[in-house]
Amino acid sequence: MGIVIEISNNQAVVQTARLSYCDHCAGNKGCGVGNLVFGLREKKTLIVVANHQGAKVGDKIVLGLREESFLKSSVVLYLLPLLSFFLAMIGYEILVAQQQGLFSSEIFLILAGLFGLIVGFFLSNQIFIKISKKICYQPVIIRIIELNKSLRNPDY
């Protein structure tokens, strides 16, 4: 969800706020977790989206991604680092099993897994940089929730 703050060339600049689940909890004021994440609660982000719905400045809108794009992005974000983590550990185990040498300690197995995880995060970041430029991975306005009547012409 976001608020349209600017319209130009059939595109809308939308301000979104990242909220935590603590905002919906009745006990968030007395909760240790709620107090711990207090500084992280609301971060505003500006997103440029195509304005095919005819949103105006001040409108509250719902943003979304195409389902196919969301699924592919989730695989790249979560599965690729996890897969590289396990592949690095399995590869290291196979290498050590063949050599049976000095580096057969579990700490080296853990370090190999962490190295694979870092490589996976790097690869997923590079993939996101490439695919974020494609239209199908851009957020779209799904619907307008609330019209801001104070910023609109009263004749509408």
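Okay, let's start on one helix: Lys-72 and Glu-68 sit four residues apart in helix H2, which means about one helical turn separates them. This is a predicted model, by the way. Those two residues form a salt bridge, and the closest N and O atoms are 3.2 Å apart. As background, side chains of opposite charge can pair when their charged atoms come close. How many salt bridges does the structure hold? One, so if you're looking for it, go to Lys-72 and Glu-68. As for how open the two partners are, Lys-72 is partly exposed at 41% relative accessibility, while Glu-68 is exposed, with 54%.

Let me zoom out for a second. The protein has three helices and five strands, and from the N terminus the order goes β-β-α-β-β-α-α-β. We've got 156 residues here, and 23% of them are buried. The accessible surface is about 11600 Å², with 65% of that belonging to carbon and sulfur atoms. And if you take the contacts with a separation of 6 or more, 76% of them are between residues 24 or more positions apart.

Back to H2, then, for its nonpolar side. Val-75, Leu-79, Leu-82, Phe-86, Ile-90 and Ile-94 make a nonpolar patch on the surface, and together they have about 550 Å² of accessible area. I'll pick out two of them. Val-75 is in helix H2 and is partly exposed, with a relative accessible area of 45%. Ile-90 is also a residue of helix H2, and Ile-90 comes out partly exposed at 48%.

Val-75 takes us to the next helix, too. Its C-alpha and that of Ser-124 are 9.4 Å apart, with the two positions 49 residues apart along the chain. Ser-124 is one of the buried residues of H3, and the others in that list are Leu-109, Ala-112, Gly-113, Gly-116, Gly-120 and Ile-131. So what covers them? Helix H2, residues 67–99, is included in the cover. H3 itself runs over residues 106–131, 26 residues in total, and spans 37 Å from first C-alpha to last, close to the 38 Å expected at 1.5 Å a residue.

Now the core. Which residues make up the largest nonpolar core? There are eight: Val-4, Ala-12, Val-14, Val-49, Ala-55, Ile-61, Leu-63 and Ile-141. Strand S2, residues 11–18, and strand S4, residues 60–64, each supply at least two of these. If you want one residue to click on, try Ile-141: leaving out anything up to four places away in sequence, Ile-141 touches Ala-12, Val-49, Ala-50, Asn-51, Gln-53, Ala-55, Ile-61, Val-62 and Leu-63.

Last stop, backbone torsions. Most residues other than glycine have a negative phi. Where do we find positive ones here? Asn-9 is a non-glycine residue with a positive phi, near 50°, and Asn-10, not a glycine either, has a positive phi of about 60°. Asn-9 belongs to the loop between strand S1, residues 2–8, and S2, and Asn-10 lies in the loop between S1 and S2 as well. On accessibility, Asn-9 is exposed at 74%, whereas Asn-10 is partly exposed at 47%.

That's my tour. Over to you for questions.

Notes:
Residues numbered from 1 in each chain as written. Predicted model: local features only at pLDDT ≥ 70, side-chain atom pairs only at ≥ 80, totals over all residues. Heavy atoms only, no water. Helix = DSSP H or I, 4+ residues; strand = E, 2+ residues; numbered from the N terminus. Buried < 20%, exposed > 50% of the residue type's maximum accessible area, 1.4 Å probe, protein only. Contact = heavy atoms within 4.5 Å. Areas by Shrake-Rupley, 256 points an atom, 1.4 Å probe, with all protein chains shown as cover. Expected span 1.5 Å × (residues − 1). Salt bridge = Lys/Arg side-chain N within 4 Å of Asp/Glu carboxyl O. Core = buried A, V, L, I, M, F, W, Y, C linked by side-chain atoms within 4.5 Å. Patch = residues over 30% accessible without salt bridge, like charges linked within 9 Å, V, L, I, M, F, W, Y side chains within 5 Å.
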